[in-house]
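Biologist: Please take a close look at the surroundings of the ligand in this model. Which residues surround the ligand, and which parts of the protein do they come from?

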Amino acid sequence: MLKVVNVVGARPNFVKIAPIVAEMKRRRDHIQQILVHTGQHYDDAMSEAFFRDLEIPEADINLGIGSGSHTQQSASIMLAFEPVLEREKPDWVVVTGDVNSTFACAFVASRCGIRVAHVEAGLRSFDRTMPEEFNRILTDQLSDLLLTPSADADDNLAREGIPKDRIVRVGNVMIDSLLRALPRTKSSSVLERLNLEPREYAIVTMHRPSNVDDAVVLAELIKALETISEQLPVVIPLHPRTRANLSRFGINPSSKVRVIEPLGYLDFLALLSQARLALTDSGGIQEETTVLGIPCLTMRENTERPVTVTHGTNVIVGRDPQRIIDEARVALAKSPSADHTPPELWDGRASKRIVDALLSS
Ligand code: UD1
């Protein structure tokens with residue numbers, strides 16, 4: 001019997017771990033899993049709502065860490081996670097993505113001599129100003145099994161000297177959740193609640209420190225969204241970090257930009273899958289729009305997910321407000337094409353390949 005500790009902390013982790021936990025439960029004769037939530041995200045809308053929508057069983061252990069500076073948060077997670085590993089003595093710790101919880105728990109596990117598997121290994125933006133890029137590089141260096149979503153990730157790892165026999169390309173596990181949840185979004189009433197018509201609105205998400213922690217940058221991005229909202233309704237489920245900064249900087253978006261609370265997974269997916277256009281600085285939304293065939297403008301200077309540009313609907317438009325407005329116009333002038341083939345192995349079966357890899361390593 002293989003004993004595995006699965007770690008989650010922040011919103012994107014929940015979407016990635018859900019199908020992995022479900023697959024491990026299906027194979028409970030061979031694998032025992034313990035779910036640890038670091039508590040990095042703690043609001044109902046950022047955490048519990050996702051557990052409910054994704055049907056993730058309640059975490060076995062919640063470290064209750066909460067917010068703090070990167071160092072504070074990572075260090076608190078490390079201190080709280082170490083006794084869990086000493087007590088549970090798992091064969092593997094599975095971490096996903098690139099958040100502070102990912103790196104902190106990978107670090108502790110490797111110091112305790114426990115093997116680490118990193119889901120979504122190998123992604124690189126080559127931009128070290130992003131906290132996530134640090135977490136990616138360090139977690140990959142610490143990992144014994146690197147589970148990658150795409151060929152570019154394998155190449156990045158090879159360049160960093162990671163031995164080939166530690167790398168297994170499993171595909172994109174976030175898409176397992178997407179494909180599983182999509183039929184259930186039909187029961188969501190989010191469009192009616194917001195009085196929106198399918199394919200007649202843009203959805204926006206924005207929470208990267210580089211976009212929302214600087215008053216001038218944030219004000220300019222909001223202005224660009226206000227201009228776009230003259231063409232079609234713009235709805236923005238707001239991350240708590242962005243909401244706090246808007247109020248701190250005294251920025252009040254015009255009423256044409258519909259600022260709403262963060263949504264649960266099913267409501268968000270319902271809104272995203274019927275949008276005419278997405279504008280985002282998130283990583284996962286670049287991937288989801290690629291599979292859904294929704295045009296996506298990424299308001300960043302780079303992406304760690306280049307297949308969403310080469311195989312998907314993503315355009316990297318940077319942070320210049322005029323460029324964002326121009327690219328939105330271009331995207332809205334085109335008729336949306338239903339004809340698209342998702343990248344290889346983004347097929348809803350990544351979680352099965354992940355569990356196979358763990359059982360055979
Ligand atoms: C984290 C991840 C980011 C991911 C994002 C998804 C890191 C370095 N960043 O960023 O990669 O894309 O999650 O959402 O790990 N807050 C609340 N309630 C919550 C959580 C956060 O109010 O439940 C507020 C707090 O004021 C906190 C701030 O948001 O200080 C930032 O939270 P934090 O966990 O530090 O990072 P995120 O910006 O959420």
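**The ligand shell**

Modeller: In this predicted model, the shell around the ligand is shared between two domains: domain 1 (2-171 + 346-360) and domain 2 (184-333) each supply at least three of its residues. The ligand itself sits in the largest pocket. At the level of secondary structure, the elements that contribute two or more residues to this shell are helix H1 (11-26), helix H3 (70-88), helix H5 (131-142) and helix H11 (240-249).

In total, 21 residues surround the ligand, and the closest are His41, Asn100, Glu132, His207 and Arg241. By residue class, the shell comprises seven nonpolar, eight polar and six charged residues.

Several polar atoms of the protein can be placed relative to oxygen atoms of the ligand. The side chain of Gln40 has an N or O atom 2.9 Å from a ligand oxygen. At Tyr42, a polar backbone atom lies 2.9 Å from an oxygen atom of the ligand. Asn100, already named among the closest residues, likewise brings in its backbone, with a polar atom there 2.8 Å from a ligand oxygen. As for overall cover, the ligand on its own has 750 Å² of accessible area, and the protein covers 86% of this area.

Conventions. Residues numbered from 1 in each chain as written. Predicted model: local features only at pLDDT ≥ 70, side-chain atom pairs only at ≥ 80, totals over all residues. Heavy atoms only, no water. Near = heavy atom within 4 Å. Polar contact = N/O pair within 3.5 Å; in protein donor to acceptor, adjacent residues only side chain to side chain. Areas by Shrake-Rupley, 256 points an atom, 1.4 Å probe, with all protein chains shown as cover. 1 Å grid on protein atoms, 1.4 Å probe; cavity = no way out; pocket = protein on both sides within 12 Å on 5 of 7 lines; lining within 4 Å. Sits in = over half its atoms within 2 Å of the grid points. Helix = DSSP H or I, 4+ residues; strand = E, 2+ residues; numbered from the N terminus. Nonpolar A, V, L, I, M, F, W, Y, C, P; charged D, E, K, R; others polar. Domains from an automatic or database assignment.
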